[in-house]
Amino acid sequence: MTMITINFDKSPDGLVPAIVQDAVSGTVLMLAYVNREALEQTVRTGHAHYWSRSRKKLWKKGETSGHVQLVQEVRIDCDADTILYLVEQRGGAACHEGYQSCFYRRLEGDDLHIIGERIFDPESVYQK
């Protein structure tokens with residue numbers, strides 16, 4: 001894989017979105033952002049790496065929680081500005097709120113309803 005095929009320059013901050021999907025079930029687990037370094041680390045190690053826009057640093061998914069993502073396949077969209085990671089989600093939860101998927105709420109009219117089951121309590125995992 002050549003990093004030249006991904007258009008990191010399309011965004012002023014050099015980030016492209018990465019959609020993360022369970023490789024077996026097809027469940028969309030999360031959306032995060034990657035820069036060139038994050039993608040290179042992912043390809044090199046097989047573990048999903050992302051760029052934290054809030055912390056302004058590279059992070060390996062699961063480095064705190066232990067809920068790592070083993071990347072089975074990386075796909076690039078037709079415009080070369082979005083990445084899809086097909087992953088094996090270890091530990092059952094991709095979401096920092098403790099759910100399998102970050103998309104654990106459904107909009108019904110004006111209300112949000114929780115449709116996912118919480119797998120872990122974030123207060124017991126993350127130190128503030």
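**Serine 101, the core and the aromatic rings**

With a relative accessible area of 9%, serine 101 counts as buried (under 20% is buried, over 50% exposed and anything in between partly exposed, using a 1.4 Å probe and protein chains only). The structure is a predicted model, in which local features need pLDDT of at least 70 and side-chain atom pairs count only at pLDDT 80 or more, while totals for chains, interfaces and linings use all residues. Residues are numbered from 1 along each chain as its sequence is written, and side-chain values use heavy atoms, with hydrogens and water left out.

Where does serine 101 lie? Its place is the loop between β6 and β7 (105-108); helices (H or I, at least four residues) and strands (E, at least two) are DSSP runs, numbered from the N terminus. The side chain of serine 101 reaches the backbone oxygen of valine 28 at 2.7 Å. A polar atom of that same side chain lies 2.9 Å from the backbone nitrogen of phenylalanine 103. Apart from residues up to four places away in sequence, serine 101 touches Thr27, Val28, Leu29 and Cys95 (contact means heavy atoms within 4.5 Å). Glycine 91 is 10 residues from serine 101 along the chain, and the C-alpha atoms of the two are separated by 12 Å.

The next topic is the nonpolar core, a set of buried Ala, Val, Leu, Ile, Met, Phe, Trp, Tyr and Cys residues joined through side-chain atoms within 4.5 Å. The largest such core has 19 residues, and those that touch the most other members are Val20, Met30, Val34, Tyr50, Ile83 and Tyr85. At least two residues of this core come from each of β1 (16-22), β2 (28-34), α1 (36-45) and β6 (83-89). Which element gives the largest share? It is β2, with 4 residues. Valine 20 shows how such a core member is surrounded: setting aside neighbours within four places in sequence, valine 20 is in contact with Thr27, Val28, Leu29, Met30, Tyr50, Gln69, Tyr85 and Val87. Thr27, Val28 and Leu29 are thus among the contacts of valine 20, and serine 101 touches them too.

Alanine 48 sits in the loop between α1 and β3 (49-52). Is alanine 48 buried or exposed? Alanine 48 counts as buried because its relative accessibility is 1%. Outside the four nearest places in sequence on either side, the contacts of alanine 48 are Thr42, Trp59, Lys60, Lys61, Gln69, Val71 and Tyr85. Glutamine 72 is 24 residues from alanine 48 along the chain, with 9.9 Å between the C-alpha atoms of the two.

Two of those contacts of alanine 48, Trp59 and Tyr85, also appear among the aromatic rings: ring pairs link Tyr50, Trp59 and Tyr85 into a cluster. Rings of Phe, Tyr and Trp (its six-membered ring) pair if their centres lie within 6.5 Å; planes under 30 degrees apart count as stacked, over 60 as edge-to-face and the rest as tilted. How many aromatic pairs does a search of the whole structure find? The search finds 4. One of them joins tyrosine 99 and tyrosine 104, a stacked pair with 3.7 Å from centre to centre and 5° between the planes. Tyrosine 99 is buried because its relative accessibility is 7%, and tyrosine 104 is buried too, with a relative accessible area of 11%.

Backbone angles offer a last view. Most residues other than glycine have a negative phi. Lysine 56, although not a glycine, has a positive phi of about 55°. This lysine 56 lies in the loop between β3 and β4 (57-60), and lysine 56 counts as exposed because its relative accessibility is 58%. Alanine 80 also has a positive phi, of about 60°, without being a glycine. Its loop is the one between β5 (69-76) and β6, and alanine 80 counts as buried because its relative accessibility is 15%.

The loop between β5 and β6 also holds threonine 82. At 17% relative accessibility, this residue falls on the buried side. Leaving out neighbours within four places in sequence, threonine 82 is in contact with Pro17, Ile19, Arg75, Ile76 and Asp77.

Key
Polar contact = N/O pair within 3.5 Å; in protein donor to acceptor, adjacent residues only side chain to side chain.
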